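Please provide a guided reading of this protein model for a structural biologist. The account should proceed from strand pairing to side-chain interactions and then to the surface.

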Amino acid sequence: MSIWYDGRTQWTYSSSTGEVNVTEPTAEELQQINPFAIINSFRSSYKARMISSTSSSCKIEFTPVNSRGAQILKATITFNASTHMPVDIALTLDNGAQASIKVGTVKTGISYPASTFVYDKSKYPDAEIIDLR
């Protein structure tokens, strides 16, 4: 999937279906897809334990201090040992579903034009747009 978000509207393109879903997500919905928001949410309500550590990566498991009402029952996050940035996030949700987020690259200190965060339909001319707003 490819996702664009301009601060109000979110476009989610699925290459397997050829569809683009257009939504205006809530803050809670955004937190579920933003790897850094997910990690930040663990600070106060999750306990952490190191699973493994090598010269190239560190794997930490997070579980809720109180599982009642927790939407994420377990998260295993692999961090790059040299950059300390997440590279893989595996989540087990309260409904039993599992989600995996792969972080390909993280670039800091770069200014992007606003168009970077808006879906460009000319790049996907055959995609069906489904407006869910």
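The following paragraphs take up strand pairing, salt bridges, one residue environment, aromatic pairs and a surface patch in turn.

The structure is a predicted model. A convenient starting point is strand β7, which spans residues 86–93 and runs antiparallel to β8, the two being joined by 5 bridges. Within this pairing, Ala-90 has Ser-100 of β8 as its bridge partner. The two strands form a hairpin with 4 residues between them, and here Gly-96 adopts a positive phi near 90°.

The hairpin strands are also linked through their side chains. Lys-102 and Asp-88 form a salt bridge with an N to O distance of 2.6 Å. Since Lys-102 belongs to strand β8 and Asp-88 to strand β7, this pair ties together parts that lie 14 residues apart in sequence. The two partners have contrasting surroundings: Lys-102 is exposed, with a relative accessible area of 63%, whereas Asp-88 counts as buried because its relative accessibility is 17%, and the cut-off for burial is under 20%.

The model contains 5 salt bridges in total. One of them brings together the side chains of Glu-61 and Arg-49, at 3.1 Å from N to O. This contact links distant parts of the chain, with Glu-61 in strand β5 (residues 57–64) and Arg-49 in strand β4 (residues 46–53), 12 residues apart. Glu-61 also meets Lys-74 in a salt bridge, here with an N to O distance of 3.9 Å. Lys-74 lies in strand β6 (residues 72–80) and Glu-61 in strand β5, so this second pair ties together parts 13 residues apart in sequence. Glu-61 is buried, at 12% relative accessibility, while Lys-74 is partly exposed, at 34%. Through shared partners, the salt bridges join Arg-49, Glu-61 and Lys-74 into one network.

Strand β6 also holds Thr-78. Its relative accessible area is 12%, and Thr-78 is therefore classed as buried. What surrounds Thr-78, leaving aside its neighbours within four places in sequence? Its contacts are Ser-57, Cys-58, Lys-59, Met-85, Pro-86, Val-87 and Asp-88. Asp-88 is thus a contact of Thr-78 as well as the salt-bridge partner of Lys-102.

Aromatic side chains provide a further set of interactions, with 7 aromatic pairs counted. Among them, Tyr-13 and Tyr-124 form a tilted pair, 4.3 Å centre to centre and with 40° between the planes. The pair links distant parts of the chain, 111 residues apart: Tyr-13 is in strand β2 (residues 10–14), and Tyr-124 is in the loop between β8 and β9. Tyr-13 is buried at 14% relative accessibility, whereas Tyr-124 is partly exposed at 23%. Both residues belong to one aromatic cluster, together with Trp-4 and Tyr-119.

A second aromatic pair leads to the surface. The ring centres of Tyr-112 and Phe-117 are 6.3 Å apart and their planes stand at 90°, so this pair is edge-to-face. Tyr-112 is partly exposed, with a relative accessible area of 42%, and Phe-117 is likewise partly exposed, at 37%. These two residues join Ile-110 and Val-118 in a nonpolar patch on the surface, with about 340 Å² of accessible area together. Ile-110 is found in the loop between β8 (98–102) and β9 (128–131), and at 42% relative accessibility Ile-110 counts as partly exposed.

Definitions and conventions:
Residues numbered from 1 in each chain as written. Predicted model: local features only at pLDDT ≥ 70, side-chain atom pairs only at ≥ 80, totals over all residues. Heavy atoms only, no water. Patch = residues over 30% accessible without salt bridge, like charges linked within 9 Å, V, L, I, M, F, W, Y side chains within 5 Å. Areas by Shrake-Rupley, 256 points an atom, 1.4 Å probe, with all protein chains shown as cover. Salt bridge = Lys/Arg side-chain N within 4 Å of Asp/Glu carboxyl O. Buried < 20%, exposed > 50% of the residue type's maximum accessible area, 1.4 Å probe, protein only. Pairing = 2+ DSSP bridges. Contact = heavy atoms within 4.5 Å. Phe/Tyr/Trp six-rings, centres within 6.5 Å; stacked < 30°, edge-to-face > 60°.
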